[in-house]
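Here are some notes for a colleague who is opening this structure for the first time. Please read them with the sequence and the view side by side.

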Amino acid sequence: MSLSAFIAILTCGAAVLALWTTVRFPSLGPESLRGAILQVALALVAGWLLVPPGIESALAVSAPTGPLLAVFMFALPSLGYVFLATLWAMRVLQRMMTGVRR
């Protein structure tokens, strides 16, 4: 499997997990637009500031363990949180538009 295929599968897996979480736990997540935007901002900041050093430190561990730690402790949760926060924001925006008609 090539690296590009692995990254695509990992990203799709994170999106599916986020979608499952949103459908399975509908009461989870923010109720206001401010809370939804805050969640998206937190997800992006965490992915930008925390994930790269975490992946670098995990890759410092020996060969079979380090890459698995990097993927399953940092990359997958970060991607999942970005997708989950985005779905929450879309749900809040959809609720805000219930009275709007074309």
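1. This is a predicted model, and a good place to begin is its surface, where Leu33, Ile37, Leu93, Met96, Met97 and Val100 together make a nonpolar patch of about 570 Å². Two helices deserve attention here, since helix H2, which covers residues 33-49, and helix H4 each supply at least two residues of that nonpolar patch.

2. Among the patch residues, leucine 33 can be looked at individually: leucine 33 has its place in helix H2, and its relative accessibility of 32% puts leucine 33 in the partly exposed class, because that class lies between the 20% limit for buried and the 50% limit for exposed residues.

3. Helix H4, which runs over residues 65-96, also contains serine 78. Is serine 78 buried or exposed? With a relative accessibility of 17%, serine 78 counts as buried, because buried means under 20%. When residues up to four places away in sequence are left aside, serine 78 touches Gly47 and Val51.

4. On aromatic rings, the structure holds 1 aromatic pair. That pair is formed by tryptophan 20 and phenylalanine 25, whose rings are 5.9 Å apart from centre to centre, with 85° between the planes, an arrangement that is edge-to-face. The edge-to-face label applies because the angle is over 60 degrees. As for its accessibility, phenylalanine 25 counts as partly exposed, with a relative value of 35%.

Conventions
Residues are numbered from 1 along each chain as its sequence is written. This is a predicted model: local features need pLDDT of at least 70, side-chain atom pairs count only at pLDDT 80 or more; totals for chains, interfaces and linings use all residues. Side-chain values use heavy atoms; hydrogens and water are left out. Rings of Phe, Tyr and Trp (its six-membered ring) pair if their centres lie within 6.5 Å; planes under 30 degrees apart count as stacked, over 60 as edge-to-face and the rest as tilted. Buried means under 20% relative accessible area, exposed over 50%, partly exposed in between (1.4 Å probe, protein chains only). Helices (H or I, at least four residues) and strands (E, at least two) are DSSP runs, numbered from the N terminus. Contact means heavy atoms within 4.5 Å. Patches are made of residues with over 30% relative accessible area and no salt bridge: like charges are joined within 9 Å, nonpolar side chains (Val, Leu, Ile, Met, Phe, Trp, Tyr) within 5 Å. Accessible areas come from the Shrake-Rupley method with a 1.4 Å probe; for residues, only the protein chains shown count as cover. A salt bridge is a side-chain nitrogen of Lys or Arg within 4 Å of a carboxyl oxygen of Asp or Glu.
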